[in-house]
Amino acid sequence: MNVFLMIVCLVLGFVLLVKGADFFVDGACELSDRLRIPAYVVGLTVVAFGTSLPEAAVSITASLQHSNEIAIGNVIGSNIFNTLVVLGASALFSPIVVKSNLLKRDFPFCIGITIVMLVLMLTLGGGQIALTRMDGIILLVIFAVFMIMSVTGAKENASQLGESAEKKDVPLWKSIMFIVIGAAGVIVGGQLTVNGAKSLAEFAGLDEKVIALTVVAIGTSLPELVTSIVASRKNQNDIAVGNAIGSNIFNILFILGISATIGTITTDINAVIDACALVGIVVLTYVFALAKKSINRVEGGIMIFVYATYTVYLLIR
């Protein structure tokens with residue numbers, strides 16, 4: 001692939017990402033209104049699942065090909081990017097108000113499962129730093145519990161709203177069509193962007209490990225970034241926050257769970273360092289959100305700066 005085609009892939013990928021995210025957010029909002037489900041629940045489930053598909057494709061394929069560094073590095077790197085850049089950039093566009101349900105349940109849950117992932121890497125690997133098949137099954141069981149809790153909570157909210165809740169006239173099929181078309185644009189756009197960026201990075205002579213931890217992780221997280229920024233600009237803060245936190249949960253429980261169940265993922269001390277950094281980053285973001293039940297522009301700027309510092313550390317390492 002020559003340089004011109006690399007740039008074309010990047011530009012076309014960004015266009016598909018932006019337009020796909022636009023359709024995706026509109027469809028998710030309409031679905032939320034139509035089914036009387038809180039927007040943050042849609043963000044945590046439907047939107048998070050859709051925007052996490054690139055990470056799923058990369059990590060599961062890497063696991064099948066025994067590329068362990070990419071399988072686990074992509075998830076950890078993507079979660080760091082989601083937490084610092086996706087939420088930070090969204091806050092720069094418009095200060096993000098964080099709902100109490102997210103602060104009381106989903107944020108702490110995200111911190112908890114990140115710690116669980118770290119503990120499993122260190123304790124059940126048969127003397128190695130690894131995620132075994134049993135670890136994968138444990139993560140998938142926790143994921144199933146999380147989904148049941150989310151669906152149950154959504155049903156309770158819908159019943160409490162009752163028939164008095166205002167319904168939009170948009171047909172259900174149209175909302176679903178918007179979501180499907182938007183998801184397709186986001187996924188294809190993300191893939192084109194990753195391929196273009198990866199080719200440019202290889203052309204520039206960057207090491208494969210650096211590419212896996214930075215270019216691939218950032219590229220597969222572009223759907224979350226664009227979707228959350230679009231949601232923030234449309235004043236849909238619940239979807240913006242729910243998408244970032246929900247994607248982190250999906251990445252650890254669902255994607256790593258399936259990847260480890262396919263075959264044991266062995267790694268090294270650097271992955272442990274990155275996992276510890278991820279725990280600290282999620283806690284820092286939670287502290288920002290908890291202080292005033294929002295993330296303002298200054299805090300968003302700090303989060304972007306922390307990510308830039310982390311990236312420099314990776315390049316040096």
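1. Let's start with how the chain is put together. Of the contacts in the protein chain with a separation of 6 or more, 86% are between residues 24 or more positions apart. Keep in mind as you read that this is a predicted model.

2. Next, the overall inventory. The protein chain has 11 helices and 4 strands. It runs to 317 residues, and 53% of them are buried. The chain exposes about 13,400 Å², with carbon and sulfur atoms supplying 69% of that area.

3. Want an example of residues that are far apart in sequence? Try V180 and G27: 153 residues separate them in sequence, but their C-alpha atoms are 8.6 Å apart in space. V180 sits in helix α7, which covers residues 172-203. Its relative accessibility is 51%, so V180 counts as exposed, because the cut-off for that word is over 50%.

4. Now for the aromatic rings. How many aromatic pairs does a search of the whole structure find? It finds 6. One of these is F109 with F146: the ring centres are 5.3 Å apart and the planes are at 10°, so this pair is stacked. The pair links distant parts of the chain, since F109 belongs to helix α5 (residues 100-123) and F146 to helix α6, 37 residues apart.

5. Are F109 and F146 buried or partly exposed? F146 has 3% relative accessibility, so it counts as buried. F109 has 21% and therefore counts as partly exposed. Buried means under 20%, which means F109 falls on the other side of that cut-off.

6. Another ring pair is worth finding on your screen. F143 and F254 form a tilted aromatic pair, 5.2 Å centre to centre with 40° between the planes. F143 is in helix α6 and F254 is in helix α9 (residues 237-262), so this pair ties together parts that are 111 residues apart in sequence. F143 is buried, at a relative accessible area of 12%, while F254 counts as partly exposed at 22% relative accessibility.

7. While you're looking at rings, check F81, Y307 and Y310 too. Ring pairs link these residues into a cluster.

8. Helix α6 deserves another look, this time for its surface. M134, I137, I138, V141, V145 and M149 make a nonpolar surface patch of about 500 Å². One of them, V141, lies in helix α6, which spans residues 133-161. V141 has 48% relative accessibility, so it counts as partly exposed. Why isn't V141 simply called exposed, when 48% sounds like a lot? Exposed means over 50%, so V141 stays in the partly exposed group.

9. Finally, the charges. Side chains of opposite charge can pair when their charged atoms come close. How many salt bridges does the structure hold? The count is 1. It is made by the side chains of D106 and R105, at 3.1 Å from N to O. D106 is buried, with a relative accessible area of 0%. R105, at 27% relative accessibility, counts as partly exposed. If you want to try this yourself, find D106 and R105 on the model and look at how the two side chains meet.

How values were computed:
Residues numbered from 1 in each chain as written. Predicted model: local features only at pLDDT ≥ 70, side-chain atom pairs only at ≥ 80, totals over all residues. Heavy atoms only, no water. Patch = residues over 30% accessible without salt bridge, like charges linked within 9 Å, V, L, I, M, F, W, Y side chains within 5 Å. Areas by Shrake-Rupley, 256 points an atom, 1.4 Å probe, with all protein chains shown as cover. Salt bridge = Lys/Arg side-chain N within 4 Å of Asp/Glu carboxyl O. Helix = DSSP H or I, 4+ residues; strand = E, 2+ residues; numbered from the N terminus. Buried < 20%, exposed > 50% of the residue type's maximum accessible area, 1.4 Å probe, protein only. Phe/Tyr/Trp six-rings, centres within 6.5 Å; stacked < 30°, edge-to-face > 60°. Contact = heavy atoms within 4.5 Å.
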